[in-house]
Amino acid sequence: DETGPHIYYICPSSNFYECKCMAIGARSQSARTYLERHKDEFKDVEDLNELVAHALRALRDCLPNDTELTTKNVSVGYVGRGVEFTMKDDEDVADYLKSIEEEKAAPVVAPEEGTGGIYGDTVNPTEIRPVLELGTTE
């Protein structure tokens, strides 16, 4: 719409929530924990590569210990105000993966109570950044 892109999480019960960021699927709790802890950093990110790096860190943190992110099991998609949906696969993802290669995965820790979460806050449309859709193929 005229205020920019939005993310909505729709529950099977038909409830829906506007989110600043979201992870869904198997093992997504670790990714949501990462996103919740770093969500305040996202509004200051001006570089798409840094935003993608955050998303890949969140994705990496929910993988089994014996699995690594590679160009064969990661795709990156993004869209934003004035930016058409773009999908990167295979070797197009290599530079993004190199940006987080040296970092260690964070230990899985439950989110702290009263930290606000990733739902519900009113978002200033001028602060919306490109949205990422990430997935692995296993």
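Arg57 is buried, at a relative accessible area of 12%. This is a predicted model, so please take every value I quote as computed from that prediction. Arg57 has a salt-bridge partner, Glu50, and the closest N and O atoms of the two are 3.5 Å apart. Glu50 is partly exposed, with a relative accessible area of 33%. That value falls between the limits of 20% for buried and 50% for exposed, which is why Glu50 gets the middle label.

How many salt bridges does a search of the whole structure find? The count is 3. Let me go through the other pairs. Asp61 is bridged to Arg60, with 3.7 Å between the closest N and O atoms. Are Asp61 and Arg60 buried or exposed? Both are buried. Then there is Lys39, whose side chain meets that of Asp40 in a salt bridge at 3.8 Å, N to O. Lys39 is buried as well, with a relative accessible area of 11%.

Now the helices. Helix 1 covers residues 28-42 and helix 2 covers residues 48-60. In general, a packed pair of helices is described by two quantities, the angle between the axes and the distance between them. For helix 1 and helix 2 the angle is about 155 degrees, and the axes are 9 Å apart. An angle over 145 degrees counts as roughly antiparallel, and helix 1 and helix 2 are therefore roughly antiparallel to each other. What is the handedness of the crossing of helix 1 and helix 2? The crossing is right-handed.

Stepping back to the whole chain, there are 3 helices and 5 strands. Along the sequence, the pattern reads β-β-α-α-β-β-α-β. The chain has 138 residues, and buried residues make up 33% of them.

Next, the region around strand 1. Strand 1 runs over residues 7-10, and Ile10 lies in it. Is Ile10 buried or exposed? Ile10 counts as exposed, because its relative accessibility is 60% and the limit for that label is over 50%. Ile10 also belongs to a nonpolar surface patch of about 370 Å², which it makes together with Tyr8 and Phe16.

Before strand 1 comes a segment that contains Glu2. Glu2 is exposed, with a relative accessible area of 74%. In sequence, Glu2 and Arg81 are 79 residues apart, while their C-alpha atoms are 9.2 Å apart in space.

After strand 1, a loop leads to strand 2, residues 16-19, and Ser14 is found in that loop. Phi of Ser14 is near 80 degrees, a positive value in a residue other than glycine. As background, most residues other than glycine have a negative phi. Ser14 is exposed, with a relative accessible area of 57%.

Where else does a positive phi turn up in a residue that is not a glycine? One of the places is Asp90, where phi is about 45 degrees. Asp90 sits in the loop between strand 4, residues 83-88, and helix 3, residues 94-100. In accessibility, Asp90 is partly exposed, at 40% relative accessible area.

That brings me to helix 3 and the residues that come up to this part of the chain. Asp95 is found in helix 3. Asp95 counts as exposed, at 59% relative accessibility. Asp95 and Thr71 are separated by 24 residues in sequence and by 9.6 Å in space, C-alpha to C-alpha.

There is a second pair to mention here, Leu69 and Leu97. The two are 28 residues apart along the chain, and their C-alpha atoms are separated by 7.4 Å. Where is Leu69 found? Leu69 is in the loop between helix 2 and strand 3, and strand 3 covers residues 74-80. Leu69 counts as buried because its relative accessibility is 14%, and the cut-off for buried is under 20%.

To finish, a short recap. The salt-bridge search gives 3 pairs. Arg57, where I started, is buried, whereas its partner Glu50 is partly exposed. Helix 1 and helix 2 are roughly antiparallel, with a right-handed crossing. Ser14 has a positive phi in the loop after strand 1, and Asp90 has one in the loop before helix 3. The nonpolar patch is made by Tyr8, Ile10 and Phe16.

How values were computed
Residues numbered from 1 in each chain as written. Predicted model: local features only at pLDDT ≥ 70, side-chain atom pairs only at ≥ 80, totals over all residues. Heavy atoms only, no water. Patch = residues over 30% accessible without salt bridge, like charges linked within 9 Å, V, L, I, M, F, W, Y side chains within 5 Å. Areas by Shrake-Rupley, 256 points an atom, 1.4 Å probe, with all protein chains shown as cover. Salt bridge = Lys/Arg side-chain N within 4 Å of Asp/Glu carboxyl O. Helix = DSSP H or I, 4+ residues; strand = E, 2+ residues; numbered from the N terminus. Buried < 20%, exposed > 50% of the residue type's maximum accessible area, 1.4 Å probe, protein only. Axes fitted to C-alpha atoms, helices over the stretch in contact; angles between N-to-C directions. Parallel < 35°, antiparallel > 145°, perpendicular 65-115°, else oblique. Left-handed = near helix turned anticlockwise from the far one by under 90°.
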